[in-house]
Amino acid sequence: MKRIVAFALVVIVMFAVMGFTTPGLLDRTKLGLDLKGGFEILYEAEPLTEGGTVTQESLRQTAKSLEKRVNQNGVGEPEVTPEGRNRIRVKIAGVADEAKLRDLIKRPANLEFRSAQGCSSPTDYCKVELTGADFVEGAARVEFDSFSNPLVSIKVKEKQKLADVSNRLLNQRLAIMLDGELLTDPVVRVPLTDGTAVIEGQETIEEARNLAEVINLGALPLKLTEKYTQSVGATLGQKSLEETVLAGAIASLLILVFMIVFYRLPGFVAGICLSVYVWLLLAVFWLMGATLTLPGIAAFILGIGIAVDANIITDERIKDELRNGKSLTSALRSASKLSFRTILDAHITTLIAGIVLYYMGQGSVKGFAVVLIWSILINFVTNVFLPRFLLHLLVQSGKFNKLAYFGVKESEVRAL
Amino acid sequence: MRSEYGDDKFNFVKASKPLLTISIVITLLGIIFLAVRGLNYGIDFRSGTSVDISISKSIDKETVEQFLASHDFGEHTLTVSQSRLSIRFKEALTEEQGNQLRTDFVSQLDEQASFEINVVDADIAREQQRNALIGMLVACVGIIIYMSFRFEWRFGLAAVIALAHNAFIVISIFSIFQLQVNLPFILAVLTIIGYSVNDTVVIFDRIRENLRFAKLKTKADLVKLVNRSIWQTLSRSINTVITVLLASGCLFVFGSESIRLFSLAMIIGLFFGAYSSIFIASPLWLLMRGNKLSSKKVKAISGA
């Protein structure tokens with residue numbers, strides 16, 4: 001009796017924890033762009049100038065700057081990752097205005113120095129004096145003036161050009177504009193002859209640093225071309241999610257019924273363990289901050305298949321041992337022992353395939369592999385050890401001695 | 001000894017011979033089809049653009065063709081179903097073209113349309129194809145090494161031949177029916193490899209276990225042992241396949257369009273996985289092991 005109570009307690013506590021946490025977990029599971037709409041772009045970076053090279057550093061910098069641009073636009077978590085030697089993958093889920101965002105990502109930071117010479121009003125800066133191409137690439141830096149105020153310094157390629165412009169504009173305003181927006185329009189007090197110009201008016205070091213980075217992105221010798229794009233409408237993504245979850249639910253239900261009809265008590269225990277498996281996998285997802293994608297769900301559902309297999313292997317062994325005339329307790333013990341090795345070998349071979357996929361694959365293949373690997377690991381806990389523990393409790397309670405509970409007929413049992 | 005198994009019941013080893021012929025025929029057919037027609041590569045492996053549109057009302061093919069003809073998007077193929085349009089463009093559409101397609105479709109044909117647009121460049125397509133192939137080979141080698149380590153090399157080799165057979169049959173069927181091959185298909189083939197090894201391992205594990213207590217004198221003893229092992233694991237093999245088939249069947253019927261072909265590949269692969277574990281892997285092992293037995297009398301060896 002004590003063991004039945006223990007069993008009931010364990011099961012009730014597990015289900016209470018699961019019931020209590022599942023809604024929150026579901027809420028917090030990050031969905032990929034194929035499930036809630038969004039887009040993914042794989043860029044290939046090339047040097048702008050011929051003979052230039054794409055370095056890891058410049059690639060990382062570019063990725064960082066891209067991420068910043070997306071973030072500035074206020075969309076939820078973008079994933080920007082450098083990939084391989086010269087690629088950058090951008091994934092953004094749940095975007096309302098895709099075209100605008102894509103444009104923003106692609107747009108080079110266009111730095112211009114303009115003046116109001118010959119323009120309609122003194123603040124209408126219509127004459128372009130210097131463009132981004134006149135500045136040294138990647139040379140924008142944060143410096144400080146004598147009052148420790150941060151400023152951004154940039155270098156021109158030809159000193160003479162800047163000197164000419166500043167001479168001509170002496171005591172007039174020179175507007176510094178980034179992507180058509182006015183950053184600052186200081187009055188030129190002295191001719192700039194050393195080839196360096198400064199942008200003042202940054203309130204904080206952080207702000208100055210951001211500005212320098214944005215300017216440098218425009219000046220980075222990397223040209224981005226789209227090599228692969230996937231864009232999914234929100235409605236379509238939502239539909240995929242609903243359909244796939246429905247398919248998973250129906251499959252789980254069918255498997256559950258099958259297990260109980262075929263294996264009775266162990267089948268029922270398997271059902272409990274499968275629920276724990278699904279819950280734990282969700283929890284691991286949340287802990288890792290991983291994103292669930294359509295291939296991920298496919299792996300999830302196949303993971304259920306593997307989990308059921310672990311149970312079937314054990315339960316079949318129990319049947320076998322019972323048919324051989326062993327007592328329940330010893331049948332359970334030897335079945336656990338004998339089936340463990342089988343399950344171990346079977347799982348590890350699948351794990352090998354999963355790990356290879358993880359390291360060789362990209363994009364959706366990787367998403368699939370991650371879920372597959374975790375499925376197998378979690379399986380060991382929830383579908384190898386947990387069912388054993390639960391079955392031991394039940395069997396030792398002495399309430400379930402009838403062979404029918406294990407799907408074995410008395411007539412099948414051989415005398416030892 | 002569980003002598004009642006395998007003596008008077010169905011003889012799997014014997015039955016495997018005609019079935020092996022069938023497998024060889026399918027394989028040859030597959031080779032011919034692959035050589036002649038190849039695979040119907042989707043855009044993941046061939047550059048271009050695929051556009052999937054989920055529509056809120058039915059639109060007939062004519063209208064869509066007219067719509068496409070009024071734009072300059074290049075060569076395309078179009079399939080229309082009740083709530084979904086699939087368009088494949090041979091060329092990679094530019095961002096502007098993609099946006100234009102979207103806005104014009106929404107304004108002219110269906111205001112509630114939702115799009116999935118994939119554009120793949122030729123280099124990436126080639127690269128993905130190569131990576132997928134290398135991935136499969138590496139996985140196979142890994143599995144052979146592991147099996148040789150845990151069992152013996154004959155088990156490893158037999159298992160890998162069986163899984164190569166499965167993978168190839170799925171590829172052949174996709175070639176024969178010209179079903180579209182995309183990245184998810186590769187996922188399916190890799191999962192099938194994992195599963196069919198899983199299947200084979202369970203039977204081999206039982207053979208290994210039975211070998212420990214067996215006194216083998218003749219080849220017939222070995223045949224009996226293999227048959228017995230298959231019988232002992234048969235209900236597990238069948239039940240597992242049924243449950244996994246239930247899962248992929250549900251994905252196929254109720255799941256989303258984008259993983260439908262993945263599910264189909266899984267269903268075919270799972271079926272042949274179960275079949276090949278019993279009728280190909282085990283007899284192959286027997287063939288390799290049996291030759292050793294007939295040359296000299298060996299005592300039972302256990303693998304691990």
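Strand 12 of chain A (residues 222-232) pairs with strand 5 of chain B through five bridges, and the two strands run antiparallel. In this pairing, Thr229(A) sits opposite Val119(B) of strand 5 of chain B. This is a predicted model. Its scores are ipTM 0.79 and pTM 0.75.

**The interface between the chains**

- The contact involves 52 residues of chain B and 54 residues of chain A.
- On the chain B side, five elements each supply at least two residues: helix 3 (95-108), strand 5 (114-120), helix 4 (122-150), helix 6 (183-213) and helix 7 (219-254).
- Helix 7 of chain B gives the largest share of that side, with 13 residues.
- By class, the side of chain B that touches chain A holds 27 nonpolar residues, 18 polar residues and seven charged residues.
- Strand 5 of chain B thus appears twice: it supplies residues to the side that touches chain A, and it is bridged to strand 12 of chain A.

**Helix 1 of chain A**

- Helix 1 of chain A covers residues 2-28.
- At 1.5 Å a residue, its 27 residues should span 39 Å, and the end C-alpha atoms lie 38 Å apart, so expected and modelled spans agree.
- The helix has a kink of about 40 degrees at Thr21(A).
- The proline Pro23(A) follows shortly after that kink.
- Helix 1 of chain A is hardly covered, as one of its 27 residues is buried.

**Confidence in chain A**

- Chain A has a mean pLDDT of 83, and 93% of its residues reach 70 or more.
- Helix 1 of chain A has the highest confidence in the chain, at a mean of 90.
- Helix 6 of chain A (residues 205-219) has the lowest, at a mean of 72.

**Confidence in chain B**

- Chain B has a mean pLDDT of 82, and 93% of its residues reach 70 or more.
- Helix 7 of chain B has the highest confidence, at a mean of 89, and helix 4 of chain B the lowest, at 82.
- Residues 1-6 of chain B have pLDDT below 50. Beyond near neighbours in sequence, this stretch makes eight contacts in the model.
- Residues 295-304 of chain B also have pLDDT below 50. That stretch makes 19 contacts in the model beyond near neighbours in sequence.
- Helix 7 of chain B links two topics: it has the highest confidence in chain B, and it supplies the largest share of the side that touches chain A.

Methods: Residues numbered from 1 in each chain as written. Chains lettered and ligands numbered in written order. Predicted model: local features only at pLDDT ≥ 70, side-chain atom pairs only at ≥ 80, totals over all residues. Contact = placed C-beta atoms within 7 Å. Helix = DSSP H or I, 4+ residues; strand = E, 2+ residues; numbered from the N terminus. Nonpolar A, V, L, I, M, F, W, Y, C, P; charged D, E, K, R; others polar. Pairing = 2+ DSSP bridges. pLDDT = per-residue confidence, 0-100. Expected span 1.5 Å × (residues − 1). Bend = angle between axes of the 7 residues up to and from the residue. Buried ≥ 20, exposed ≤ 12 C-beta atoms within 10 Å, placed from the backbone.
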